Amino acid sequence: MSRVGAALLMATGLALAAAPTAVAGGDSEFDEKEFLAMTVDHHFGGVHMAEMCVQKTTRADLKGLCSEIKHTQSQEIATMRSWLKAWYSTDETPSVPHESMPMMHELEGLSGRAFDVKLSRHFAQHHREFLPEADKCRKHAKHSELRDLCDTMYKTQTEEIGKFEPACPGLCVRRPWRSCPPCSSSWCSRPNSPVSPISTGR
């Protein structure tokens, strides 16, 4: 092989090594760009809820959990925006999704125990709505970095759903991988309670 040919091979190898890690088996039906933009906004809504929780909750365990969510999802937003720029030459300015605004307004008007229970209910639902998208991402995204992040997000948010449940004794958040007993808390089931128990779907 000539020196010119060897140099060309070396240059090609260096260029490939510097390129973002990608997998040929990525699902053509999975839109990475759309997923990243959607998740930036979805996470931003979660960060906004977490900030409200840290300021208003009466429970130390909820405050700690919300602080952790705020930190983690803020970092994930920054990472995903950097990937949008590197991979797709675009950006997503974070904003709370329009469909989440009624939930945010409701939480702003609550305080004390009512806030804690309603926040837990909304956060569990917020996470649960995201899990199917994270699951598709961890299986079908083209870039391995994104698949790894989606796997982490899926596992983390699954665990966090369980942590939000004890905010109201007997609170049951329906999840596809297990059944759960009806809410039996007398406080939750009082007719004049500011919140209703979460449906078990049965």
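Visitor: Let me start with one residue: which residues does G46 touch, not counting residues up to four places away in sequence?
Guide: Leaving those sequence neighbours out shows what the fold itself brings together. In this predicted model, G46 touches Q73, F123 and H126. G46 itself belongs to helix α2, residues 32–56.

Visitor: Is G46 buried or exposed?
Guide: The step here is to compare relative accessibility with a cut-off, and buried means under 20%. G46 has a relative accessibility of 0%, so this glycine counts as buried. For the protein as a whole, buried residues make up 42% of its 202 residues.

Visitor: How far apart are G46 and S100, in sequence and in space?
Guide: Reading the two separations side by side is a good habit. G46 and S100 are 54 residues apart along the chain, while their C-alpha atoms lie 9.7 Å apart. For the whole protein, take the contacts with a separation of 6 or more: 68% of them link residues 24 or more positions apart.

Visitor: Stepping back, how many helices and strands does the protein have?
Guide: An inventory of elements comes before any look at packing. The count is 7 helices and 0 strands, and from the N terminus the order reads α-α-α-α-α-α-α.

Visitor: At what angle do α3 and α6 pack?
Guide: For a helix pair, read the angle together with the distance between axes. Helix α3 (residues 60–88) and helix α6 (residues 144–164) pack at about 160 degrees, their axes 12 Å apart. Angles over 145 degrees count as roughly antiparallel, and therefore α3 and α6 are roughly antiparallel to each other. The crossing of α3 past α6 is left-handed. On the α3 side the contact includes L62, L65, I69, Q73, M80 and W83, and on the α6 side L146, L149, M153 and Q157 are among the residues involved. By class, the contact of α3 with α6 has 11 nonpolar, 2 polar and 4 charged residues. Q73 links two parts of our story: this α3 residue takes part in the contact with α6 and is also touched by G46.

Visitor: How do α2 and α6 cross?
Guide: The same reading applies. The axes of α2 and α6 come within 13 Å and cross at roughly 35 degrees, again with a left-handed crossing. From α2 come E32, F35, L36, T39 and H43, which meet L146, C150, M153 and Q157 of α6. The contact of α2 with α6 divides into 5 nonpolar, 3 polar and 1 charged residues.

Visitor: Which residues have the most contacts inside the largest nonpolar core?
Guide: A core is best read by its size, its busiest members and the elements that feed it. This one has 22 residues, and F35, L36, W83, C137, L146, C150 and M153 have the most contacts inside it. At least two of its residues come from each of α2, α3, α5 (112–140) and α6, and α6 gives the most, with 6. Look at L36: leaving aside neighbours within four places in sequence, L36 is in contact with M80, W83, L84, W87, Y88 and L146. There is also a second, separate core of 15 residues, with M52, C53, M103 and L119 among its members.

Visitor: Finally, where is S89 found?
Guide: Backbone angles can flag a residue that deserves a second look. S89 sits in the loop between α3 and α4 (101–108). Its phi is near 50 degrees, a positive value in a residue other than glycine. Exposed means over 50% relative accessibility, so S89, at 70%, counts as exposed.

Note on methods:
Residues numbered from 1 in each chain as written. Predicted model: local features only at pLDDT ≥ 70, side-chain atom pairs only at ≥ 80, totals over all residues. Heavy atoms only, no water. Helix = DSSP H or I, 4+ residues; strand = E, 2+ residues; numbered from the N terminus. Buried < 20%, exposed > 50% of the residue type's maximum accessible area, 1.4 Å probe, protein only. Contact = heavy atoms within 4.5 Å. Axes fitted to C-alpha atoms, helices over the stretch in contact; angles between N-to-C directions. Parallel < 35°, antiparallel > 145°, perpendicular 65-115°, else oblique. Left-handed = near helix turned anticlockwise from the far one by under 90°. Nonpolar A, V, L, I, M, F, W, Y, C, P; charged D, E, K, R; others polar. Core = buried A, V, L, I, M, F, W, Y, C linked by side-chain atoms within 4.5 Å.
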